[in-house]
Amino acid sequence: MHIVFWIFFASAVVSAAMCILRRNPVSAAMWLVSTMFSLAGIFVIMDAPFLAAIQVLVYAGAVMVLFLFVIMLLNLDVTASDVRGSLSIGGAVAVTGLLIVELGALWVYTPDRLAQELLPAGATTFPGGIPADAMSGNIVLDVAKPLFDAYLIPFEATSVLLLAAVVGAVVLAKRRI
Amino acid sequence: MSPGAGVPLWLLLLFPLAGFIINTAIAFTRPSWKGLVSLVGPGAVLAAFAVAVAGFLQLQAPGAPDELTIHLWKWIEAGDLKIDIAFRLDHLSSLMTLVVTGVGGLIHLFSIGYMKSDDGYARYFAYLNLFIVFMLVLVLGSSMPVMFIGWEGVGLCSYLLIGFWYGVQANADAGKKAFIMNRIGDFGFLMAMFLTWHGLGTVDFAEIAEKSSQLVTNGPLVTAIALFIALGCAGKSAQIPLYTWLPDAMAGPTPVSALIHAATMVTAGVYLVVRSNGIFAHAPTASLVVAAIGAATALFAGTIGLRQNDIKKVLAFSTVSQLGLMFLAVGSGAYVAGIFHLVTHAFFKAVLFLGAGSVIHAMHHAYHSTHSHADAQDMRNMGGLRRWMPWTSALMWIATLAIAGIPVFAGFFSKDEILASVFSRGAGQAVFYLFWGLASLTSLLTAIYMGRLMAMTFMGQNRTGEAEQAALHEAPWVMTGPLAVLGLLSLAGGLINLPHFAGGHAWLEHWLEPVLKPSHELVQLTMPEGSTEFALIGFAVLVGVVGLVWGVRAVQRASIATPEHAAPETGFARVLTGQYFIDAIYDRFIVRPVHWFARTVLWKTIDQWLVDGVAVMGSARLLQGFGWLGSRFQTGQLGLYLLLFVAGAVWVLGVVLQ
Amino acid sequence: MAPDLLGPTLALSGILFSIGVLGALLRRNAIILFMCVELMLNAVNLAFVVFARYYGFGGHVLVFFVMTVAAAEAAVGLAIMLALFRHNQTLDLQDINLLHG
């Protein structure tokens with residue numbers, strides 16, 4: 001199983017790198033789709049098949065398609081130089097470097113700390129988390145049930161958010177209001 | 001109210017002050033009401049004189065206290081420092097008030113005639129009254145700060161009155177010069193005050209006198225105090241090096257010169273030294289310095305007086321010279337002699353100035369009638385005026401004899417006492433023999449220039465001109481009357497301190513004893529007796545007579561040309577006429593560098609560049625710079641904003657990770 | 001699965017996130033910028049999932065929410081880009097600086 005994981009790992013990294021380096025927006029979008037597929041694979045390895053499916057259906061299937069629609073609708077010019085001047089690159093690389101260093105520190109640090117600080121002795125979930133033995137086994141049910149009891153309010157809020165997004169998108173994209 | 005509430009001391013100050021206020025009101029609203037001003041102005045001072053006499057009589061009465069003090073109100077109270085507005089009438093200040101209000105009153109009367117046709121009549125009397133107020137504050141002040149109020153005030157009035165006819169630039173300049181030079185002296189007074197507070201813990205004169213026995217004789221503190229006081233006196237009493245304002249002060253009306261620059265204000269310095277006799281007695285070195293300055297000034301001014309042609313300038317330098325003698329006296333520890341000469345000098349110098357005023361008044365009149373522009377004050381234009389002004393001439397001769405030290409007249413006794421005291425000090429310190437020599441030489445010069453003055457003005461041929469002669473006349477009685485009174489005092493003034501050999505009781509000496517207590521513990525002058533005394537007297541009289549004759553004969557032998565025909569002076573005479581060119585020297589070496597410093601360094605550099613440029617504009621530009629820096633972030637570029645956003649997030653993460 | 005996949009997966013999440021940041025800072029095209037943002041969101045989703053795997057199912061719900069919000073955000077964002085393009089005829093971010101002060 002580990003092999004598969006590392007294959008998906010490599011795939012995700014390469015796809016992401018290619019995504020940010022390609023000049024053509026359509027190419028970049030396709031590479032992003034590839035990244036998402038790799039991630040879906042990893043989701044499956046992580047015992048989250050439902051989420052993997054959702055990832056492919058919603059993210060890769062709907063959001064990226066929307067991206068592509070817009071790219072093609074706008075008929076963007078590909079030829080212009082698309083990367084910033086050297087000062088900006090320098091700044092960007094410096095900042096990102098710092099970020100990597102910090103994340104590295106975090107990564108080295110996290111597993112032990114999580115085990116010692118955040119989890120009280122003997123517990124296996126975060127506070128507010130749902131322990132594994134409460135799972136029913138039905139993968140959809142496992143995600144859906146908390147939506148309606150523990151996380152009800154965020155759920156409702158999100159629905160309002162979606163409504164707002166729809167209205168906003170329609171209004172913004174109209175030629176004439 | 002302290003003992004002696006019988007005489008309301010404050011009336012002394014109230015009368016002239018009321019006079020000032022009323023005259024000011026008249027000057028502002030109805031300047032043509034000269035009659036009322038003539039009543040109020042002199043009236044106020046004469047009323048003050050009456051109060052002064054009453055105060056004197058009260059102190060004179062047997063069994064009377066040595067002093068009367070009134071406390072008007074608390075002025076400063078800060079920690080241990082307590083200064084009240086308080087006035088003290090003791091033996092010395094009582095004498096001074098008599099001189100100030102008496103001579104002052106007579107001069108006020110004289111001014112009625114002298115200033116009759118001047119448009120600023122009310123303003124003149126207002127200023128004159130104000131001067132009397134401040135002079136009385138100075139003399140009656142019970143502590144140094146109160147005295148300083150008066151000190152400054154008389155300086156102010158001097159400025160106002162010297163520049164009375166301010167339309168002429170030279171007059172205004174003279175007023176400024178007097179005030180500014182006085183200020184240099186005031187610095188000395190202030191430093192003395194501060195040091196006294198620091199060293200003795202008090203600034204009240206009575207307490208200083210009591211505590212002066214604690215002073216270390218010739219110690220640094222007391223020497224410093226004494227020298228600073230001497231600086232103040234050099235400014236106020238026109239001694240070297242701060243005397244040049246006095247000749248220039250002759251730009252003011254002549255009665256002003258008589259009152260302020262002969263009789264009263266310039267004597268404030270002598271008064272202060274006598275008041276501080278406790279301090280000076282403990283500072284023999286400083287006293288020696290004072291005596292030296294006095295002697296030097298006396299001789300120096302005397303030489304200049306020999307060659308001045310303006311009648312008032314001769315008298316001005318004469319005043320400087322006589323003040324020098326007074327300082328020589330108090331510097332030698334002869335405080336009584338100094339005060340004695342102060343009083344007699346007030347009498348005869350007032351006569352001389354007022355007489356000169358009458359002469360100038362007549363000369364003006366004469367030139368006015370012929371529309372001539374000749375100088376009415378130049379003695380070369382005068383001559384033989386005795387024919388038209390007999391009274392003035394006679395009275396001025398009385399004063400001349402007094403100043404020359406001819407026996408019976410007032411000046412003889414006072415000057416003699418000074419010379420004798422200085423001579424007797426010589427037994428202890430040989431340098432005082434030198435001072436005596438200088439003083440005697442000064443007496444000779446005094447007699448010479450006074451003789452010259454009288455000869456040029458009243459004797460011989462008249463040089464004024466045929467047409468003007470018709471308009472020459474004696475001064476009106478309102479002017480000659482006060483002159484006569486003062487003349488009488490010049491004759492009889494010696495009575496106040498008649499020495500024993502002449503059958504007197506030395507009244508003044510006894511009168512001033514309570515005031516001079518602090519110094520008598522240390523210094524007791526042994527006056528010469530017997531043959532030495534007579535020899536000294538004889539020598540002084542001889543000097544006076546020789547000088548007078550010499551001065552008169554020198555004029556009679558020479559032929560004096562009127563200014564327009566006069567040949568330019570040569571040699572040492574030129575130096576004397578030019579007053580040793582001291583003014584030019586001061587201008588070159590002191591005034592111009594100060595001006596330069598003020599203009600270039602203080603103004604251009606510090607004020608304009610440093611304060612305006614660097615501090616004010618600089619800080620504005622600095623803040624502008626910061627603002628500009630901040631504005632550089634507002635590019636409108638999303639990319640930059642993102643960069644900053646991420647950088648901020650990274651930083652926060654870093655902080656959290658710590 | 002043993003927790004030994006936690007580390008590498010988190011590393012992947014961090015790497016993807018960093019790549020997303022780099023891309024967001026380097027690219028001038030607005031659409032691609034937006035895609036990098038989506039990449040960052042995905043990296044975060046991965047982190048949630050891996051924690052959910054080892055420390056409780058709450059993570060899945062959060063992933064759900066993140067995806068929903070991302071979708072909404074994409075819709076609105078792209079609408080904005082449309083409007084922006086119509087106004088400026090270009091999506092080059094260096095030329096869009098109306099906020100310049």
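**Salt bridges, worked through**

Asp47(A) is partly exposed, with 46% relative accessible area. For that scale, buried means under 20%, exposed over 50%, and partly exposed in between (1.4 Å probe, protein chains only).

This is a predicted model, where local features need pLDDT of at least 70, side-chain atom pairs count only at pLDDT 80 or more, and totals for chains, interfaces and linings use all residues. Residues are numbered from 1 along each chain as its sequence is written, chains are lettered from A and ligands numbered from 1 in the order written, and side-chain values use heavy atoms, without hydrogens or water.

**Exercise 1.** Find the salt-bridge partner of Asp47(A) and say where the two residues sit.

*Solution.* Step one: a salt bridge needs a side-chain nitrogen of Lys or Arg within 4 Å of a carboxyl oxygen of Asp or Glu. Arg53(C) fits, with the closest N and O atoms 3.2 Å apart. Step two: Asp47(A) lies in the loop between α2 (25–45) and α3 (49–74) of chain A, and Arg53(C) in helix α2 (residues 30–55) of chain C, so this pair joins two chains. (Helices, H or I, at least four residues, and strands, E, at least two, are DSSP runs numbered from the N terminus.) Step three: Arg53(C) is buried, at 18%.

**Exercise 2.** Place the pair Arg275(B) and Asp90(B) in chain B.

*Solution.* First, check the distance: their closest N and O atoms are 2.9 Å apart, a salt bridge. Next, locate them: Arg275(B) is in helix α11 (residues 268–275) and Asp90(B) in strand β2 (residues 81–90), 185 residues apart. Finally, both are buried.
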